[in-house]
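Grab a coffee and open the viewer. Here are some short exercises to work through with the sequence and the model side by side.

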Amino acid sequence: MDNYGLRGATALLASVVTTLAVQFHRAKRNSDFAIVEAMPKVELHVHLDGALCNEALFSALGDGDLADRLPTAVTLGWDAANPLNVKAELEKCKTLGDFNCLCRCKGERSLNAMLRCFEIFTPIVRGNMQLLEENAFKFAENQSKQNVVYTEVRYSPHFLASTSSKTKTGVLNGAAKEVVAAVTRGLIRGCQEFDIVINQILCCINWRPEWADETVDLAYEFSKGGGECCVVGVDVAAGEEHFDEVNFPQLHGPHLKAISRAKRLGLNVTLHAGEDTGPENIFKAVDVYKATRVGHGYRAADDEGVLKNMAQRRIHFEVCPTSSFETGGWQGNEGEWHAHPLINMLKSGLSVSINSDDPTVFATSLTDEICIANVGMRVTVEKILAIMVGSMEASFATQETKVKVIENVLKRFRVADH
Ligand SMILES: *[C@@H]1O[C@H](CO)[C@@H](O)[C@H](O)[C@H]1NC(C)=O
Ligand SMILES: *[C@@H]1O[C@H](CO)[C@@H](O)[C@H](O)[C@H]1NC(C)=O
Ligand SMILES: [Zn+2]
């Protein structure tokens, strides 16, 4: 493989996936789901805290002292007047079914409804390193079961860390680093056991500018050496107000400064932008924050000029179909998938990936999302395989890792020679 270099390897992969597509079509696998499930997949936009194992969380709820540690009232950045009573909400859950309902955001079609959901279940894992490590391991297992050969998984270390009323950040000193260490351990164990590759992206949180600097410090620290399951990039998640330097200067300043520093430290940048806001945030992400990938960006698809511009600059868009429906980022109806922004993005030659975003919260999986593209949006299997190759190219993995992933695919999917 060394002789091929990356270019040769991607060309080889492209021919392998074409052969696979023919084989899939030919026989045996007669359902769309089985075809999509069997194909090698790449996922670039999935939140670890949106992919936690509900069974493990629900059973942790029964642990002795957890109930005492659950917060009674959590202030929501976007709705300070109505604090969320996490403890009371969780105490109402008597069965796993109740718990699943509480952790799932279905049918509300609002971004804040989804963010509220996270505030309810994350206190269960917060500060629990063993549970976090176990979840990271299980995440790797689930990716492997779906034939996902390369993943970039993201989360905010501070959001999952033990809290403290004594520090400026509200997080216990050193606790955010413990989170990254625990997740890294779980991922490494999982990747070794299931023979897949997972890298990490650390997220700053829109409403918590005081976390931004340390998030970048941690990203840099865990990126060094480019070891297994290392950090390869940074993001800002949970809302886009930080792009607004006029109305939210207290969010804008610290985030722009931190992301610019990350860039100087050699980290790659992807930003949630244009999810349920206009294309101006996409331009800010790319022109001001210098992101090379955009999370969502559905509103760019309304404007052909914007799409052309982004395609020319080779900006990659991470599209999450069910998420776009549930957050209201895309306002179409269930029967209208063929009119989803992804179609215009593909038409204009934009590099895109298909992603699950928060599989537990939206009760979906990467396989389900690709089925939506295949069946609902009528994107052909050949095109989807090409999207997977393009996603690998747009990933923040090193050349060496990209070649390793391609080798894994060749090993895993023995393709008949014809
Ligand atoms: C893995 O998948 C199973 C079955 O879909 C699900 O019940 C579980 O919560 C998932 N776990 C993780 C960590 O994603
Ligand atoms: C990652 O960052 C490097 C250095 O800034 C840049 O050259 C490269 O194009 C970026 N990769 C992607 C996939 O955006
Ligand atoms: Zn996201």
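Below are six exercises, each with a worked solution.

A word on the ground rules: this is a predicted model, where local features need pLDDT of at least 70, side-chain atom pairs count only at pLDDT 80 or more, and totals for chains, interfaces and linings use all residues. Residues are numbered from 1 along each chain as its sequence is written, while chains are lettered from A and ligands numbered from 1 in the order in which they are written.

**Exercise 1. Work out the strand order of the open sheet of eight strands, and find its edges.**

Step 1: get the terms straight. Strands (E, at least two residues) and helices (H or I, at least four) are DSSP runs numbered from the N terminus, and two strands pair if DSSP finds at least two bridges between them.

Step 2: follow the pairing across. The order reads β1-β4-β5-β6-β7-β8-β9-β10, with parallel pairing.

Step 3: look for strands that pair on one side only. Those are the edge strands, β1 (41–47) and β10 (351–354).

Step 4: check the twist. Ignoring direction, neighbouring strands of this sheet are turned by 25° against each other on average; axes here are lines fitted to C-alpha atoms, for helices over the stretch in contact, and angles run from 0 to 180 degrees between N-to-C directions.

**Exercise 2. Take the two edge strands and find how each one is joined to its neighbour.**

Step 1: start with β1. Five bridges join β1 to β4, and the two run parallel. One pair to click on is H47, whose bridge partner in β4 is R154.

Step 2: ask why β1 is largely enclosed by the rest of the structure. Seven of the seven residues of β1 are buried, so the strand is largely enclosed. Buried means that 20 or more other C-beta atoms lie within 10 Å of the residue's own, exposed means 12 or fewer, and partly exposed is in between, with C-beta atoms placed from the backbone.

Step 3: go to the other edge. Strand β9 (residues 316–319) and β10 pair in the parallel sense over four bridges, and H316 stands opposite S351 in β10.

**Exercise 3. Describe the surroundings of strand β6 (residues 231–237).**

Step 1: is β6 mostly covered or uncovered? Mostly covered: seven of its seven residues are buried.

Step 2: look at β5 (residues 197–205). This strand pairs with β6 in the parallel sense over six bridges, and Q200 has V231 in β6 as its bridge partner.

Step 3: look at β7 (residues 268–273). Here the parallel pairing with β6 runs over two bridges, with G233 standing opposite N268 in β7.

Step 4: trace the connections. β5, helix α10 (residues 212–221) and β6 make a right-handed β-α-β unit, and β6, helix α11 (residues 249–264) and β7 make a right-handed one too. Right-handed means that, with the strands pointing away from the viewer, the path from the first strand over the helix to the second runs clockwise.

**Exercise 4. Place α11 on the sheet, then place K257.**

Step 1: α11 lies across β5, β6 and β7, running at about 165° to β6. Contact means C-beta atoms, placed from the backbone, within 7 Å.

Step 2: K257 lies in helix α11. With 14 other C-beta atoms within 10 Å, K257 is partly exposed.

Step 3: jump along the chain. D213 is 44 residues from K257, and their C-alpha atoms are separated by 8.3 Å.

**Exercise 5. Which residues surround ligand 1, and which residues are around ligand 2?**

Step 1: count a residue as near if its C-beta atom, placed from the backbone, lies within 6 Å of the molecule.

Step 2: for ligand 1, that gives A51, C53, N54, E55, N135, K138, F139 and N142. The elements giving two or more residues are α3 (54–61) and α8 (129–145), and α8 gives the most, with four.

Step 3: for ligand 2, the residues are N268, T292, A394 and F396.

**Exercise 6. Find where C229 and D357 sit, and decide whether each is buried or exposed.**

Step 1: C229 is in the loop between α10 and β6. Its phi is near 55°, a positive value in a residue other than glycine. C229 counts as buried because it has 24 C-beta neighbours inside 10 Å.

Step 2: D357 is in the loop between β10 and α16 (366–376). D357 is not a glycine, yet has a positive phi of about 65°. With 29 C-beta neighbours inside 10 Å, D357 counts as buried.

Conventions:
Two residues are in contact if their C-beta atoms, placed from the backbone, lie within 7 Å.
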